[in-house]
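Here is a walk through the structure shown below. Keep the sequence at hand and follow chain by chain.

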4 protein chains.
Amino acid sequence: MITFDTEIRVWYVDTDQMGIVHHSNYIKYYEEARSAFMRHIGVSYADMEESGVLMPILKVESEYKRPAKYDDLLTVRLIIKEVPTARFTGEYEIYNTSGELLNRGLTVLGFLNKTTMRPCRAPQWFVDLLLKNGLKSDK
Amino acid sequence: MITFDTEIRVWYVDTDQMGIVHHSNYIKYYEEARSAFMRHIGVSYADMEESGVLMPILKVESEYKRPAKYDDLLTVRLIIKEVPTARFTGEYEIYNTSGELLNRGLTVLGFLNKTTMRPCRAPQWFVDLLLKNGLKSDK
Amino acid sequence: MITFDTEIRVWYVDTDQMGIVHHSNYIKYYEEARSAFMRHIGVSYADMEESGVLMPILKVESEYKRPAKYDDLLTVRLIIKEVPTARFTGEYEIYNTSGELLNRGLTVLGFLNKTTMRPCRAPQWFVDLLLKNGLKSDK
Amino acid sequence: MITFDTEIRVWYVDTDQMGIVHHSNYIKYYEEARSAFMRHIGVSYADMEESGVLMPILKVESEYKRPAKYDDLLTVRLIIKEVPTARFTGEYEIYNTSGELLNRGLTVLGFLNKTTMRPCRAPQWFVDLLLKNGLKSDK
């Protein structure tokens, strides 16, 4: 299992007239957590796309426990439990600075060959990087 | 069961560098489908807030089947199956003009007393409006 | 001069904790007004991109007179005064249903050859469409 | 004159199908630069609102020189030249890590009494903080 924390500051634009962060933004926070994790393991998701593989989203789930507010510094925890083959699953926990759990989420992404636009398997270099960074192979 | 269709045009800003609609926008489409439904039954969600009841989101689920593109005219179908008590559950199906299912979703919202900021039940006038518009009471 | 009105509904997500539409959204409204105008004259901006011409933004100006609110039905007026050559200039006026002017804006876009990524002139078919739809040539 | 630099990472969601950052995002970057500056001088814009003063935007200008891309680390420079009285003017320069100027901007904000919703002057504590942080009084 890989656990990776990244900090995200709540912007004013992401609030709504209820005075809290609009729920659609958590989906963006999950995505930026994945981007930050990629940078952390030494690649960029841009490299993935340049290598000819797109990662379209297949599924999102999000549970809202407590609201986030403008200017809050959130910790977005990305949890990776499975070695990706046809799909890459990430789980998320979002905490405020008091350590309260605000949100829990899940994303499932696929891998798509950019040329054929057909589903493909996770690139081996990506799997290797995940294994190198602490993910245990199922075998 | 209530089924309500609303049309939403895809804006350029909602595309991403994959050339398709960014997945976070579907969450906004669900919300606007709810807003359009409220207008259709003769109220505005603004009326709900002015009457002292907020409807914070508790849960979102979204499954992505096929991409939407810039300038597409989407049909967002809102499906309401249950009379809301403490929670209001909506299901969604998003179609393109070819009738292809692009996305399926679910949202669960709560009801919050704006003054006490405590959970409350669905306002009776809202339940009555839903029943008047075709929702069957469970009893 | 071409004057083209399009209606845009304010979405909940576009409000902020001040209880009004966040100012960044007006820039999106201008863009969607251009898209709606393109559809009105029988093309799509997607056609422009497919024909090999991108229209990157060069300049935006926006003046905020009165706030827009959630669920407001806005009229976004696009005003085109000049036949585009290297640049395409649009002016905007945004009104609420009471006819109050909420916002005034300006955008300048360039034309870019998608293959060479070098600036180019407005495609003749686009200029012809504008002339056919009421724009007067300067000559 | 105050010059304050803040770093902003480009998120995937902020790209569009042209493969670059959508122009509306720069307006958000300006806002977050102001928020970061407020934190830097020891307050939060949330404090401003809690003290009863809103700062609605009156004017935005933005000039786009070069595109920003996904995952770019941008430096957003906020430049404050004038002691605010009825208005607070900020200028912006956005650079990539190669030091290239991507964008230039300007914002003018007003001050609004939250209770009366009437324009008011800049709170003295805010003016004092700006003077303490290097802004020269005109007198």
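## From one chain to the assembly

In chain A, 35% of the 139 residues are buried. Keep in mind that this is a predicted model.

Start with the overall build of chain A. Its C-alpha atoms fill a box of roughly 45 × 30 × 25 Å along the principal axes. How does its radius of gyration compare with that of a compact globule? For 139 residues such a globule would come out near 14 Å, and chain A has 16 Å, so the value agrees.

Now the secondary structure. Chain A holds 3 helices and 7 strands. Along the sequence the pattern reads β-α-α-β-β-β-β-β-β-α. Contacts in chain A often span long stretches of sequence. Among those between residues at least 6 apart, 70% join residues at least 24 apart.

Next, set chain B beside chain A. A rotation of 180 degrees, with 0.0 Å of shift along its axis, superposes chain B on chain A, and the RMSD is 0.0 Å. What kind of axis does that relation describe? It is a two-fold axis. Within chain B, the C-alpha nearest the axis belongs to Glu61(B), 2.2 Å from it. Both copies use the same surface: 100% of the contact residues of chain B recur in chain A.

Look at that contact in detail. Chain B brings 15 residues to it, and chain A brings 15 residues as well. On the chain B side, helix H1 (24-40) and S3 each supply at least two residues. S3(B) gives the most, with 8 residues. By class, this side of chain B has 8 nonpolar, 3 polar and 4 charged residues.

The S3 strands also pair across the boundary between the chains. Strand S3 (residues 57-64) of chain A is joined to S3(B) by 5 bridges, and the two strands run antiparallel. One place to see this is Val60(A), which stands opposite Ser62(B) in S3(B).

Stay in chain B for a moment and find Lys69(B). It sits in the loop between strand S3 (57-64) and strand S4 (73-80) of chain B. Is Lys69(B) buried or partly exposed? It has 15 C-beta neighbours inside 10 Å, so Lys69(B) counts as partly exposed. Burial would take 20 or more such neighbours. Leaving aside its neighbours within four places in sequence, Lys69(B) is in contact with Val10(B), Ile20(B) and Val21(B). Glu91(B) lies 22 residues from Lys69(B) along the chain, and their C-alpha atoms are separated by 22 Å.

Turn now to chains C and D. Here the view widens to a whole sheet. Strands of a sheet pair through backbone hydrogen bonds, either parallel or antiparallel. In this open sheet of 10 strands, the pairing is antiparallel. The order is S1(C)-S4(C)-S5(C)-S6(C)-S3(C)-S3(D)-S6(D)-S5(D)-S4(D)-S1(D). Which strands form the edges? They are strand S1 (2-9) of chain C and strand S1 (2-9) of chain D, each of which pairs on one side only. On average, neighbouring strands of this sheet are turned by 15 degrees against each other, direction ignored.

Follow the sheet from the junction of the two chains outwards through chain D. Strand S3 (residues 57-64) of chain C and strand S3 (residues 57-64) of chain D are joined by 5 bridges and run antiparallel. Glu61(C) has Glu61(D) as its bridge partner in S3(D). S3(D) then pairs with strand S6 (residues 101-110) of chain D, in the antiparallel sense, over 7 bridges. In that pair, Ile57(D) stands opposite Leu109(D) in S6(D). At the edge, 8 bridges join S1(D) to strand S4 (residues 73-80) of chain D, and these strands also run antiparallel. Ile2(D) has Ile80(D) as its bridge partner in S4(D).

One more contact links chain A with chain D. It involves 12 residues of chain A and 12 residues of chain D. On the chain A side, the elements that give two or more residues are helix H1 (24-40) and helix H2 (45-50). H1(A) gives the most, with 4 residues. By class, this side of chain A has 6 nonpolar, 2 polar and 4 charged residues.

Key
Residues numbered from 1 in each chain as written. Chains lettered and ligands numbered in written order. Predicted model: local features only at pLDDT ≥ 70, side-chain atom pairs only at ≥ 80, totals over all residues. Contact = placed C-beta atoms within 7 Å. Nonpolar A, V, L, I, M, F, W, Y, C, P; charged D, E, K, R; others polar. Least-squares fit on C-alpha atoms with pLDDT ≥ 70 in both. Pairing = 2+ DSSP bridges. Axes fitted to C-alpha atoms, helices over the stretch in contact; angles between N-to-C directions. Buried ≥ 20, exposed ≤ 12 C-beta atoms within 10 Å, placed from the backbone. Rg over C-alpha atoms; globule rule 2.2 N^0.38 Å.
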